[in-house]
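Student: I would like to go through this structure and ask, for each label, what justifies it.
Tutor: Go ahead.

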Amino acid sequence: MSNNVLSYREDELIRRFRAGEEEAFTFVYDQFYFLIYQYCLRWLQSKQDAEDVVADTFLKLHQRCEQFESTEHVIGFLKTTSRNACLNHLRHLRIKTDKQETLLQRLSRQEAPDFEWTEVQEVLLNLVYAEVEKLPGKMKEIFLLSYRDGLKPAEIAKRLNLKVRTVSNQKTNAIHILRAAMPEYPLFLALLLLLD
Amino acid sequence: MTDKNTIGLLLYKHLQGTLTDEEAQLLEEWRRASEDNALLMEEIDNEEMLTKRLEQFHPDNKKAVRDKILQRILAARHEHPAVRRLPSLRWVAAASIVLALVAGTYFWWQPDGKARQAETVSTLEDVEAPQFVRAVITLADGSTVSLDSVANGSVAVQGNINIVKDADGKLSYQPSASAKGKEQEEIYNTLHNPRGSKVIDIALADGSRVWLNVGSSLTYPVAFVGKERKVSITGEAYFEVARNATKPFIVDRGEMSVQVLGTHFNVNAYEDEADIRVTLLEGSVKISDTRNAASGIIKPGEQAVFSQAKDGEQIRVTDDVNVEEVIAWTNGMFHFAGASVAYIMRQIQRWYDVEVEYMGDVSSVNLSGIVSRKKNITNLLGALEATGKIVFKLEGRKVIVLPGKY
């Protein structure tokens, strides 16, 4: 997590990880769980199934912790294991939707686990949230509220003690807000900041 | 080529609309490089999908997922691996429902993994697959013979024909040796196979075999003494007709009929299906549509489709038919190929003899797959639920259908 203040030198991390220290395991988990989760979500299209596979994958990692010699080795194991688990899950669905059938075909065609798509997506969305951090106070709040709880403008207005109209004007449209985050769009920014 | 950080940044600029011409070209090259890349671009340009992703990447939501999974891992790490089986959590939960029933209430397992208290139900049980043939024969004099209550062997005599039930429950109409060559009046019997019964297999007096599905009836002459062999059906039957070039075999269904010389075919004519479908596996059959005085011949692997609607169009013949799927019921399987939920539920309703109720819209869901008809209803419902598109509640002999979370 971003608020995780721990940092390790690679050899130190691996030594502790191999020794089965929970802190080192959690550190490794925090580095990779979301990438693996997003990958599983992409292929399984179900949060519950994706959580199952992530839990299972890291549990296997934990059970074999003494075997790992580097973080590359760890991430390689996580990718292969989660990919195989997704493939197995799709194969063992006795009833499939067309979409699941297509996903199974595409995933079986990949010889090695292909995380590029997930990694690119992660870079992009991390950039978005880094940019959100820089937004002026109220705008940041509106953005975070609407994407955390899926709140409607009226609910956000109530919570932030604003006039409904002010928030509806800003129609929490992701693309517009991102554009607003750019100093090149001062007019839109000004509109958003027209708060009571 | 270009690394993921560069592409991520280009995509971000693409969203903002701040790409330079050069960057736009670079991104376009990347997009064209693979099917996956093009898909990712499409998702990002789709407001709804982007909103979903922004929600998933929200720091608070990320943390919730992080904590939830980590807790599970830390809790499970010292357990024996075999104790925790991750898939099918919902059906594991179903077992605990039965326990909770003792207290009079139960918790229905929601697809998001949250147990919620549901209404009290008086019974909650699995529904078994049909265990017996419950078919009934109506004899020429109107009397009936229930096949599940008679011993094996001869169950009735009609004229010179002995009706015999064998140990497998198979029924056959056997002319007695002395009857050979003797002319007799054409008399009819009707075999009705109700919902919740096993499929019944019958050998008619001419040696033709018919498999009668649940919720179906077959009316046939005890001995085929006329110029043609004429039977009629409601529901669904699979025929393997004994060859007899001089006596055509006719399946009559009022508005349409099927005439054959000797061949294998399936007729699905349930009243609650929109169409009557005749599917040919072997030989050739002539289909007649009496409403429009139209007829045509279909070849093996083809299917003739009649609309049951009053103003229905004429016969439509298609070769886009999965024969395995059509006759799967004769092999003890449910076989769906892109079937609608309504179609699947009608089959479940007939086979398990259950009521079906819909809560919410599942009309856009189409599913494919193969599941045994011989197992309990939860086996099939579990396989359907595993797609994530649909959720079931089972209350006694009533199945409630709800849309899934995905």
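**Labels and their grounds**

Tutor: Start with Ile298(B), which is buried, with a relative accessible area of 0%. The model is a predicted one, and each value discussed here is computed from it.

Student: Why is Ile298(B) called buried?
Tutor: Buried means under 20% relative accessible area. Ile298(B) has 0%, so the label applies. Ile298(B) belongs to strand β18 of chain B. Beyond four places in sequence, its contacts are Val278(B), Leu280(B), Ser284(B), Val285(B), Ile287(B), Ala304(B) and Val317(B). With Val285(B), 13 residues apart along the chain, the C-alpha separation is 5.8 Å.

Student: What makes Glu302(B) a residue with no salt bridge?
Tutor: A salt bridge needs a side-chain nitrogen of Lys or Arg within 4 Å of a carboxyl oxygen of Asp or Glu. For Glu302(B), the nearest side chain of opposite charge is Lys299(B), at 4.3 Å. That is outside the cut-off of 4 Å, so no salt bridge is assigned. Glu302(B) is nevertheless buried.

Student: Where does Glu302(B) lie, and what does Glu302(B) touch?
Tutor: Its place is the loop between β18 (294-298) and β19 (303-307) of chain B. Not counting residues up to four places away in sequence, Glu302(B) touches Val278(B), Thr279(B), Leu280(B), Ile297(B), Val317(B), Thr318(B), Asp319(B) and Val321(B).

Student: How do you know that Asp201(B) and Arg209(B) form a salt bridge?
Tutor: Their closest N and O atoms are 2.5 Å apart. The limit is 4 Å, so the pair qualifies. Asp201(B) is buried at 13% relative accessible area, whereas Arg209(B) is partly exposed at 27%.

Student: What makes Asp67(B) and Lys63(B) a salt bridge, and where do they lie?
Tutor: The N to O distance is 2.7 Å, so the pair meets the 4 Å limit. Both residues lie in helix α5 of chain B, 4 residues apart, about one turn of the helix.

Student: Why are Asp67(B) and Lys63(B) called partly exposed?
Tutor: That class runs between the buried limit of 20% and the exposed limit of 50%. Asp67(B) has 23% and Lys63(B) has 35%, so both values fall within it.

Student: In chain A, what places Arg16(A) and Glu12(A) in a salt bridge?
Tutor: The closest N and O atoms are 3.2 Å apart, so the 4 Å rule is met. Arg16(A) and Glu12(A) lie in helix α1 (residues 10-18) of chain A, 4 residues apart, about one turn of the helix. Arg16(A) is partly exposed at 24%, and Glu12(A) is partly exposed at 27%. Both belong to a network of salt bridges that links Glu12(A), Arg15(A), Arg16(A), Glu21(A) and Glu23(A).

Student: How many salt bridges are there over all chains, and how many between chain B and chain A?
Tutor: The count over all chains is 27, and between chain B and chain A it is 6. Arg72(B) and Asp52(A) form a salt bridge, at 3.0 Å from N to O. Among the elements giving two or more residues to the side of chain B that touches chain A are α1 (4-16), α5 (59-76) and α9 (377-385) of chain B. The most comes from α5(B), with 14 residues.

Student: What area do the two chains bury between them?
Tutor: About 6,200 Å², 61% of it on carbon and sulfur atoms. In chain B, Tyr12(B), Leu54(B) and Phe57(B) lose the most area to chain A, together 12% of what that side buries. The contact involves 68 residues from chain B and 63 residues from chain A.

Student: What makes α9(B) mostly covered?
Tutor: Of its 9 residues, 8 are buried. Ile377(B), Leu380(B) and Glu385(B) are among them.

Student: What is the phi of Gln45(A), and why is Gln45(A) called partly exposed?
Tutor: Phi is near 60°, a positive value in a residue other than glycine. Most residues other than glycine have a negative phi. Gln45(A) is in the loop between α2 (22-44) and α3 (47-63) of chain A. Its relative accessibility is 28%, between 20% and 50%, so it counts as partly exposed.

Notes
Residues are numbered from 1 along each chain as its sequence is written. Chains are lettered from A and ligands numbered from 1 in the order in which they are written. This is a predicted model: local features need pLDDT of at least 70, side-chain atom pairs count only at pLDDT 80 or more; totals for chains, interfaces and linings use all residues. Side-chain values use heavy atoms; hydrogens and water are left out. Buried means under 20% relative accessible area, exposed over 50%, partly exposed in between (1.4 Å probe, protein chains only). Lys and Arg count as positive and Asp and Glu as negative; His and the chain ends are not counted. Contact means heavy atoms within 4.5 Å. Buried area is the accessible area (1.4 Å probe) that two parts lose on being put together, summed over both.
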